[in-house]
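Please open the model in your viewer and keep the selection tool handy. We will go from stop to stop, and at each one I will tell you what to pick and what is there.

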Amino acid sequence: AHQHLPVRRRCSIAAAACLALAILGAVALTPGRKPSDTAGTPSVTASVTPDGSVVAAGPLTFYTTAAAMADAIGFSIDAPEGATDIAYAAAVPEFAEVAFSLRDREYALRASKTDHDFSGLYGDETKPHKLASAEDAMLSVVSDDLMSFFKLVWKKNGLVYILVGPGETPEEEIAAVYRMLR
């Protein structure tokens with residue numbers, strides 16, 4: 001069974017992480033609404049911290065295309081060819097994310113000009129190592145009591161990129177997605 005995060009939750013986690021808020025879950029959109037329904041409109045997200053308190057973060061702006069987001073944030077990121085269920089969001093100008101599905105798994109690619117960890121993952125980080133097919137990318141697994149996710153981090157052209165996805169994703173598949181994104 002694959003671990004799937006709804007697009008609204010993945011985008012909210014990204015914004016909160018960018019602002020260095022510890023989160024376990026988040027809600028950015030009302031039920032039944034898609035990111036495209038709010039494209040171009042800044043919204044504040046509500047995040048739940050590990051102690052159970054609710055923290056507001058944002059503004060998070062949703063975009064309908066990679067080009068529209070690039071115009072707003074000054075750099076471009078996009079899903080790889082063949083991806084579906086693509087959603088774009090940014091906390092201008094610090095952070096951008098594209099969430100997508102590929103080969104029956106959900107991923108989030110995040111990019112920022114900052115060096116801090118904006119993965120949106122909190123828990124125990126284990127097994128850090130260089131991705132076998134990429135000397136510049138570090139792969140680790142982040143787990144809590146409920147879930148685990150992989151985190152792949154690399155730098156290129158003054159940006160830090162973080163790809164996250166289900167913890168059970170085979171390293172060969174992570175490497176293939178990485179190559180598609182490079």
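Helices and strands here are DSSP runs, numbered from the N terminus; a helix is H or I with at least four residues, a strand is E with at least two. Keep in mind that this is a predicted model.

**Stop 1: a loop**

Select asparagine 157, which sits in the loop between β9 and β10. Is Asn157 buried or exposed? Its relative accessibility is 72%, so asparagine 157 counts as exposed. Now add lysine 113 to the selection: 44 residues separate it from asparagine 157 in sequence, yet the C-alpha to C-alpha distance is 9.6 Å.

**Stop 2: strand β5 and its partners**

Next, select β5, residues 95-102. Here 8 of the 8 residues are buried, so β5 is largely enclosed by the rest of the structure. Show the side chains: Phe95, Glu97, Ala99 and Ser101 point one way, while Ala96, Val98, Phe100 and Leu102 point the other way.

Add β4, which pairs with β5 in the antiparallel sense over 6 bridges. One place to look is alanine 91, whose bridge partner in β5 is phenylalanine 95. Then add β6, antiparallel to β5 over 8 bridges; here valine 98 stands opposite leucine 109. β5 and β6 form a hairpin with 2 residues between them, and arginine 103 in that turn has a positive phi of about 50°.

**Stop 3: the nonpolar cores**

Select Ile77, Phe100, Leu109, Leu152, Trp154 and Leu163, which touch the most other members of the largest nonpolar core, a set of 32 residues. α2, β4, β5, β6, β9, β10 and α3 each supply at least two residues of this core, and α3 gives the most, with 5 residues. Apart from it lies another core, of 10 residues, among them Phe95, Phe118, Phe149 and Val160.

Now center on tryptophan 154: its contacts include Leu109, Leu163, Tyr178 and Arg182.

**Stop 4: helix α3**

Select α3, residues 171-181. Its buried residues are Glu173, Ile174, Ala175, Ala176, Val177, Tyr178 and Leu181. What covers them includes β5, β6, β8, β9 and β10.

**Stop 5: helix α2**

Finish with α2, residues 66-73, where Ala66, Met69, Ala70 and Ile73 are buried. They cover an arc of only 100° around the axis, which puts them on the same side of α2. Turn to the face away from that buried side, and you find the exposed residues Ala67 and Asp71. Just after α2, glycine 74 takes a positive phi of about 90°.

Conventions
Residues numbered from 1 in each chain as written. Predicted model: local features only at pLDDT ≥ 70, side-chain atom pairs only at ≥ 80, totals over all residues. Heavy atoms only, no water. Buried < 20%, exposed > 50% of the residue type's maximum accessible area, 1.4 Å probe, protein only. Arc of directions from axis to C-beta. Core = buried A, V, L, I, M, F, W, Y, C linked by side-chain atoms within 4.5 Å. Contact = heavy atoms within 4.5 Å. Pairing = 2+ DSSP bridges. Lists of a residue's contacts leave out its neighbours within four places in sequence.
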